[in-house]
Amino acid sequence: MVRIELYGVPRLRAGVQAVDVQASTIGDALLQLQRACPQLEPDVLTGGKLNAAYVVAIDGGTLTRDPQVPLNAGDTLVLLTSQAGG
Amino acid sequence: MAAGYFGRYLRLDLTTGVSTRVPIDEATLRHFIGGVGLGTVLLTRETSARFDPLGEESCVAFAFSPLVGTPITTSAKFAVVCKSPLTGRLNDALSSSDFAVLGKRSGHDAIVLRGRAEEPCIVLIDEAGARIEPCADLWGTEKGISQLDEQLQKRHPGFAFAIIGTAGEHGVRYATLSNGGRHAGRGGIGAVLGSMRVKAVGVRGRSPISLHAPNDVLEISRDLAKRSLGNATAKYRELGTVANLATFNRLAVLPTRNFQSSQFEGADALSGEQLQATRAQGRGSCRNCTIGCEHFFSARRGNETNRVKMEYESLFALGPLCGVDDPDTVLAASHLCDEFGLDTISAGGTIAFAMECAERGMLESYGEESTIRFGDAEALLELLGHIARRDTPLGDLLADGSQRAADVIGGDAPDFAPHVKGMEIPGYEPRGLQTMALGFAVGTRGADHNRSGAYEVDFSGEVDRFAPNEHAARLAVQTENRASVIDSLILCKFLRGVFAETEGGLYAAASHMLRAVTGWAIDAAEIEVAAERICLAKKLFNIREGWSRSEDTLPKRFTEQALQDGPAKGAVVQIADLEKLIATYYETRGWRSDGSVSQEHIRTYALDREFASLT
Ligand code: SF4
């Protein structure tokens, strides 16, 4: 099980703070997230892929947009907007 | 003269009361565009080396831009440029709305104030020139800035005012200048105007703004307005910048208790999501903006409820940084800063620093005031007033900022005073965002998140935010260059995601706009050179004012103490790594390895007129 935590606009769109999915890569996890929360399309995800303004952090640490990155059971993905200005 | 400009600025000598219209040649305008670029070159030309920012020879430049007065979204902005009394270095701040439009329509590309008035005054500027009016009744009053603004507008209908508050009158080194509920916040412009005895500057005008190709300008405006409502600005429209707080807390980059931690246990209550769900009081926007990032929230204090605009930087600085988790207190503190005319980042940063000193027993000589502690809501609110009025020993000390306060307190206080070049660090934990750490270290304004967008590199997923490489340093340079163009056009930085999606990016879009407005055959490459020139001019101003290589660094807290929180556990800025990034930064800029700049390089950017004497 991989937990995806949602922040900011993704949370507003999905209406939930987190979603649990079974996935072995980031790409898998995002595809399943889109199935669970179709409202994330088109603003956050398109066809299970991150739109330009979004990024994920593995366990809140390393930030990436690479769908190939492997995940382990128990990992957490933090989905956030990459525009941090303010 | 190119369309979009008047080709002149108004210089008012406050000492003599004489105002003069000074021509600006077209080459200068093309080299510096407007806003921050134009303000920097005018400040440089109007002053001599090593002047005292609070002395009689001080100078403040208000600079407009060719886009002000056009329908292009977010273009109603102006820059205020001076030498900062906080840093002793260049200070460029931006604000927006009526003051920008009416100021430009007074028929000037910039307004320069110099000298010191005999008595407290307001300055009124229009097409006829400038006049100085004494204002003893407005100086030293307990009234907040919004009340003074109403009073001034009744007294002088048709003018838009930029006003200093109590903090500016008392020379607080991070006093703001406020107009219409917006603030040219950082670096102490309010203190500089206070030392000139200027309480407010009012502008009005009806001069038409000429456009080279009005239909093209209209088409550009429509297109940009449409695209400004897309995905790239959704965060700003729907939650505002306060959205950063919960995310930063999760990533362990939320500065907490004077940067001792990077996660805050009270973050949920202060998060943008929570404020939005429980306290939303509508949105607002600067004049002529289609995005509307301003979010208002209700704040209760006793029997009073205020509607307070809140931004992430104020939220973090007056909340987690001071260990305060009560939203009503944080909102009230932000409201107080706005009314006193205090920069929220520096106020929060300096108070948080004092709280840590007090907890370590380093403020014993301040008696009762030495009992302040992290999380003490009442102490925070009270101290803001004492700082603005300088009416208690601790308030007076903290009014000079954390760097000077640390020097007075002594011991190891300078190691954890949260500043670079004297400017308090904004809400991006440098140990968890190490490209931003570089941006802070080399920033010409000191620690600053608006002139360097290096955090974008950390958040991009392209580099390791805990160990950025040389590529990251080069990307950090690019964020500064882009910021200098946006700040000189002037447009809102919240459009940067929109420009990133544009073919050719920001520089192509900027050249398109400037061609339509001015008629210049200017291309993206020339805009990029202008970006580099503006960054270089700021750096050279600092060298002229005494910059030394040792300033480009971070306090020891960030290089010697590892974070202990969540995903950032163990993160520290290794000084050797930071030095490597700085070396790459200097090299990318074309500077010498010690950060100095050769005359040849100065000539390449046609800056030898202003900086011929630097070697
Ligand atoms: S996006 Fe916000 S800061 Fe920018 S111009 Fe609009 S209202 Fe002002």
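These numbered points walk through selected local features of a predicted model.

1. **Ligand shell.** Start with the ligand. Its surroundings come from chain B: Thr74(B), Lys77(B), Ser285(B), Cys286(B), Cys289(B), Ile291(B), Gly292(B), Cys293(B), Cys492(B) and Phe494(B). By class, this shell holds 6 nonpolar, 3 polar and 1 charged residues.

2. **A loop by the ligand shell.** Asn288(B) sits in the loop between strand 13 (280-284) and strand 14 of chain B. Its phi is positive, near 65°, and the residue is not a glycine. Most residues other than glycine have a negative phi. Asn288(B) counts as partly exposed because its relative accessibility is 31%. Cys286(B) and Cys289(B) are among the residues around the ligand.

3. **His295(B).** This residue belongs to strand 14 (residues 294-301) of chain B. Is His295(B) buried or exposed? Relative accessibility is 3%, so His295(B) counts as buried. Its side chain reaches the backbone nitrogen of Gly240(B) at 3.3 Å. Beyond residues up to four places away in sequence, His295(B) touches Tyr236(B), Arg237(B), Glu238(B), Leu239(B) and Gly240(B), among others. Its contacts also include Gln276(B), Gly282(B), Arg283(B), Val308(B), Lys309(B) and Met310(B).

4. **Cavities, and the largest one.** The count is 4 cavities of 30 Å³ or more. The largest encloses about 120 Å³. It has 14 lining residues. Nearest its centre are Thr444(B), Arg451(B), Glu480(B), Lys538(B) and Tyr585(B). Three elements of chain B give two or more residues to this lining: helix 19 (434-442), helix 24 (524-544) and helix 26 (575-589). The lining divides into 4 nonpolar, 5 polar and 5 charged residues.

5. **Second largest cavity.** Its volume is about 80 Å³. The lining has 13 residues, and those nearest the centre are Thr81(A), Lys235(B), Ala243(B), Asn244(B) and Thr247(B). Strand 7 (76-81) of chain A and helix 9 (244-250) of chain B each supply at least two lining residues. Which element gives the largest share? Helix 9 of chain B does, with 3 residues. By class, the lining has 7 nonpolar, 5 polar and 1 charged residues.

6. **Ala29(A).** Look next at helix 2 (residues 26-36) of chain A, which holds Ala29(A). Ala29(A) counts as buried because its relative accessibility is 0%. Setting aside neighbours within four places in sequence, it contacts Ile4(A), Val21(A), Ala23(A), Leu71(A) and Leu77(A). Tyr7(A) is 22 residues away along the chain, and the two C-alpha atoms are 16 Å apart.

7. **Cis peptide bonds.** Most peptide bonds are trans. Two places merit a check here. The bond from Glu41(A) to Pro42(A) is cis, with omega near 10°. Pro42(A) lies in the loop between helix 2 and strand 3 (45-46) of chain A. The bond joining Leu489(B) and Ile490(B) is also cis, with omega about -10°. Ile490(B) is in the loop between helix 21 (470-489) and helix 22 (496-500) of chain B.

8. **Positive phi in chain A.** Asp59(A) is not a glycine, yet its phi is positive, about 55°. It lies in the loop between strand 5 (54-58) and strand 6 (62-64) of chain A. Is it buried or partly exposed? Its relative accessibility is 37%, so Asp59(A) counts as partly exposed.

How values were computed
Residues are numbered from 1 along each chain as its sequence is written. Chains are lettered from A and ligands numbered from 1 in the order in which they are written. This is a predicted model: local features need pLDDT of at least 70, side-chain atom pairs count only at pLDDT 80 or more; totals for chains, interfaces and linings use all residues. Side-chain values use heavy atoms; hydrogens and water are left out. A residue is near a molecule or strand if one of its heavy atoms lies within 4 Å of it. Ala, Val, Leu, Ile, Met, Phe, Trp, Tyr, Cys and Pro count as nonpolar, Asp, Glu, Lys and Arg as charged, and the others, Gly among them, as polar. On a 1 Å grid over the protein atoms alone, a cavity is a set of points where a 1.4 Å probe fits but cannot get out, and a pocket is an open set with protein on both sides within 12 Å along at least five of seven lines; lining residues have an atom within 4 Å of a point. Grid points are joined across faces, edges and corners, and a volume is the space filled by probe spheres set on the points. Helices (H or I, at least four residues) and strands (E, at least two) are DSSP runs, numbered from the N terminus. Buried means under 20% relative accessible area, exposed over 50%, partly exposed in between (1.4 Å probe, protein chains only). A polar contact is a pair of N or O atoms within 3.5 Å; within protein, one must be able to donate a hydrogen and the other to accept it, and residues adjacent in sequence count only if both atoms are side-chain atoms. Contact means heavy atoms within 4.5 Å.
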